[in-house]
Amino acid sequence: MEQVFEKLERCLESCRDRIPFVPKTALVLGSGLGDYAEHFPVEGEIPYREIEGFPVSTVQGHKGRFVFAHVGEVPVVMMQGRVHYYEGYPMTDVVLPIRLMRRMGAEILFLTNAAGGVNYDFQAGDFMMITDQISSFVPSPLIGPNSEKLGPRFPDMSRIYDRDLQEILRNTARELGIPLREGTYLQLTGPNFESPHEVKMCRILGADAVGMSTACEAVAANHMGMRICGISCISNLACGMTEQPLSHQEVQEAADRVAPLFRQLVTESIRNMCR
Ligand code: HPA
């Protein structure tokens, strides 16, 4: 197996000339924020397929590229289109884009996603700030030989989501008048949605939302010492909580409906984090 660090450095080398600035914040654009980058003057772009050895998303509607733009004064690298474990890539490749953004210089990681609401108090269209996560159902991206250049063998996970960033998200949402729920995100592999009893299991374990991404990215970023925050767009209530069957289209449409609010919340939060 090629060592993770060497592969990462090779990726960085193959795109170094196209990185226009040292990003402060790395932003992962989940469903609903797919066109986020188009609202800012783009200063640089690197399609994943042009980076040597890079995983390319196979999900329809997921673009695969890094976009560089200033959000207010903040230099941001955005991941437009993420790679999911269910696409068949090894976990180390799934988190490679996150690690690469860290190597580009990003200190803050802002994760977004669409997720199923597991908490009965939630409604489709809600936003949930992630305060903790359960990633035990997917392999850790840290399995394999550890590179001390990335981080320690046994990283602490007691505060994955940065307390100060959480406070900024809370205050920003309040200022904008956008209700912001809080809760624990649980990652399953997907690509199938959950059965009603799997959703019940998530609830019993203490999860408020369930999805197919994000937690593994936070593990890798935490390992590399990034300050992390995250927001889930609750695009639907999870299986078995309503009578309707779930579809990817429904998830996408619900996320698209609240996208303008989501965009506003993310933009103002990014600016407030770097004031
Ligand atoms: N389950 C898992 N992932 C999801 C869901 C869901 O209900 N909605 C959006 N992503």
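User: Which residue has an N or O atom in its side chain that is 2.7 Å from a nitrogen atom of the ligand?

Analyst: In this predicted model, a polar contact is read as a pair of N or O atoms within 3.5 Å, and the residue you ask about is Asn236, whose side chain places an N or O atom 2.7 Å from a nitrogen atom of the ligand. The side chain of Glu194 also takes part, with an N or O atom 2.9 Å from a ligand nitrogen, while Ala114 contributes through a polar backbone atom that is 3.4 Å from a nitrogen atom of the ligand. On its own the ligand has 260 Å² of accessible area, and the protein covers 95% of that area.

User: Which residues are around the ligand, and how do they divide by class?

Analyst: A residue is counted here when one of its heavy atoms lies within 4 Å of the ligand. The shell consists of Ala114, Ala115, Gly116, Phe193, Glu194, Val210, Gly211, Met212, Ser235, Asn236, Leu246 and Val251. By class, seven of these residues are nonpolar, four are polar and one is charged.

User: Which strands each supply at least two residues of that shell?

Analyst: To read this, one places the shell residues on the strands of the chain. The strands β5 (108-117), β8 (209-211) and β9 (227-237) each give at least two residues to the shell, and β5 provides the largest share, which amounts to three residues.

User: Where does the ligand sit with respect to the pockets, and how much space lies in the largest pocket?

Analyst: A pocket is an open space, and the ligand takes up the space of the largest one. About 400 Å³ of space lies in this largest pocket, and among the 25 residues that line it, Ala114, Phe193, Met212, His248 and Val251 are the closest to its centre. The lining draws at least two residues from each of β5, β8, β9 and α7 (248-257), with β5 giving the most, namely four residues. When the lining of the largest pocket is divided by class, there are 12 nonpolar, 11 polar and two charged residues.

User: How many cavities of 30 Å³ or more does the structure hold, and which residues lie nearest the centre of the largest cavity?

Analyst: A cavity, unlike a pocket, is a space that a probe cannot get out of. The structure holds one cavity of 30 Å³ or more, and about 70 Å³ of space lies in the largest cavity. Of the 13 residues that line this cavity, Val4, Arg99, Pro141, Leu142 and Pro145 lie nearest its centre, and the lining as a whole divides into six nonpolar, five polar and two charged residues.

User: Which two residues are joined by a cis peptide bond, and which residue other than glycine has a positive phi, near 70 degrees?

Analyst: Both features are read from backbone angles. For the peptide bond the angle is omega, which is about 0 degrees in the cis bond that joins Gly190 and Pro191; Pro191 is placed in the loop between β7 (181-187) and α5 (196-204). For the second feature the angle is phi, and Thr214 has the positive value, near 70 degrees. Thr214 is found in the loop between β8 and α6 (215-223).

Technical notes:
Residues are numbered from 1 along each chain as its sequence is written. This is a predicted model: local features need pLDDT of at least 70, side-chain atom pairs count only at pLDDT 80 or more; totals for chains, interfaces and linings use all residues. Side-chain values use heavy atoms; hydrogens and water are left out. A polar contact is a pair of N or O atoms within 3.5 Å; within protein, one must be able to donate a hydrogen and the other to accept it, and residues adjacent in sequence count only if both atoms are side-chain atoms. Accessible areas come from the Shrake-Rupley method with a 1.4 Å probe; for residues, only the protein chains shown count as cover. On a 1 Å grid over the protein atoms alone, a cavity is a set of points where a 1.4 Å probe fits but cannot get out, and a pocket is an open set with protein on both sides within 12 Å along at least five of seven lines; lining residues have an atom within 4 Å of a point. A molecule sits in a cavity or pocket if more than half of its atoms lie within 2 Å of its grid points. Ala, Val, Leu, Ile, Met, Phe, Trp, Tyr, Cys and Pro count as nonpolar, Asp, Glu, Lys and Arg as charged, and the others, Gly among them, as polar. Grid points are joined across faces, edges and corners, and a volume is the space filled by probe spheres set on the points.
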